[in-house]
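This report introduces a protein model to a reader who has not met it before. It turns in sequence to an annotated repeat, to pairs of charged side chains and to cysteines.

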Amino acid sequence: MDKKKVAAPLVCHGHSRPVVDLNYSPVTPDGFFLISASKDSTPMLRNGETGDWIGTFEGHKGAVWSCCLDINALRAASGSADFTAKLWDALTGDVLHSFDHKHIVRACAFSEDTHHLLTGGFEKILRIFDLNRPDAPPREVDNSPGSVRTVAWLHSDQTIISSCSDIGGARLWDLRSGKIVQTLETKSPVTSAEVSQDGRYITTADGSTVKFWDANHFGLVKSYDMPCNVESASLEPKLGNKFIAGGEDMWVRVFDFHTGEEIGCNKGHHGPVHCVRFSPGGESYASGSEDGTIRIWQTGPLNHNENDISENGQTERLKVAADEVTLKIEGFHITEEEKAAEQENIDGFRAAEERKADA
């Protein structure tokens, strides 16, 4: 089968250890943003379109397993092996609050109304923190049957979904009763659970299977076997006609939603792919890997050169958003090492472009 030729991705360096979680913000007046979690303990914020580094959130003392942005991209949250979840100001990089736990925090998610933060981890307890009263004790939802791996909100914050690291299935909790109302049955532990942008589908990855569930009636809609064990999957948000999956074979594959046929295969990572996410407009998608890099792949044809992350190539696309992005950069904790890494990236791409021109 002929597969579409895929343009070279934007490669985002900066993390010194594996990238284990990625999340995009919705589109805001300032554009959209990408946050990444890594075992190096420092979540990073990037321009979601260009992959340009904006800033690093410094404060965790252990691996960061989960990260998210609120719908306005004004605040970020992260869950860490240092037994805390932290709330951050996404404009300055400052810690707004640190929520103590008694064990590793594996997952976190903002509610749709941005007033609450949901966390879960090795304690097997789902906690909901009121961000308007951050010092108040959290609400604790009935105990999870296993160590929590993923969490998400749906149904206008009336329902939460969680999965466990050690047992199969994804559980839906009704927050009015605090009880499990439905279990989406899977053979293997669910390593990724995503609610589609339109609220219609829940996408799960378990073992070597990607499944799509009706988010309102919870029936299984589609189930596709993958070529290898996959750790993460994401549904295209606008048309819903394709999905991506990444896992142990280091490739990011694109599939037709309706048939399950593989329609694209992106090679480039040098380690297993831990997380994949579509951008909010569906024009690109990001992957994070054991190799410590984030790669942003274009969904459709590009109107600019491959690897267009150099200063010259970005000029036109960034003109409109330059002022807004500058506002986000101000106040961030920028280390000399990160500045040098970014400059090395730019110099490398410039050299590559010059070689192309000479050829």
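According to the UniProt annotation "repeat: WD", which comes from an unreviewed entry, residues 57-98 and 266-298 are covered by this feature. The structure shown is a predicted model, and in it the span of residues 266-298 is 55% strand and 0% helix, while its end C-alpha atoms lie 10 Å apart.

**Charged pairs**

Side chains of opposite charge can pair when their charged atoms come close. With a limit of within 4 Å between a side-chain nitrogen of Lys or Arg and a carboxyl oxygen of Asp or Glu, the count comes to eleven salt bridges. The table lists some pairs, including the distance between the closest N and O atoms in each.

| Salt bridge | Closest N and O atoms |
|---|---|
| Arg75 with Asp70 | 3.4 Å |
| Arg127 with Glu123 | 2.9 Å |
| Asp142 with Lys179 | 3.5 Å |

In the pair formed by Arg75 and Asp70, the residue Asp70 is buried, because its relative accessible area is 3%, and buried means under 20%. Arg127, which pairs with Glu123, is likewise buried, with a relative accessible area of 7%.

What does the salt bridge between Asp142 and Lys179 tie together? Asp142 lies in the loop between strand 13 (139-141) and strand 14 (148-154), whereas Lys179 lies in strand 17 (residues 179-184), so the pair ties together parts that are 37 residues apart in sequence. Asp142 counts as partly exposed, at 38% relative accessibility, and Lys179 also counts as partly exposed, at 46% relative accessibility. Elsewhere, salt bridges that share partners join Glu123, Arg127 and Glu140 into one network, and Arg127 in this network is the buried residue with a relative accessible area of 7%.

**Cysteines**

A disulfide is a covalent bond between the sulfur atoms of two cysteines. How many disulfides does a search of the whole structure find? The search finds zero disulfides. Cys12 counts as buried, at 2% relative accessibility. Cys67 is in no disulfide, and its nearest cysteine sulfur, that of Cys108, is 7.0 Å away, whereas a disulfide needs a pair of cysteine sulfur atoms within 2.5 Å. Cys67 counts as buried, at 0% relative accessibility.

Terms used: Residues are numbered from 1 along each chain as its sequence is written. This is a predicted model: local features need pLDDT of at least 70, side-chain atom pairs count only at pLDDT 80 or more; totals for chains, interfaces and linings use all residues. Side-chain values use heavy atoms; hydrogens and water are left out. UniProt positions are given in the numbering used here, feature names are shortened, and annotations may be inferred rather than shown by experiment. Helices (H or I, at least four residues) and strands (E, at least two) are DSSP runs, numbered from the N terminus. Buried means under 20% relative accessible area, exposed over 50%, partly exposed in between (1.4 Å probe, protein chains only).
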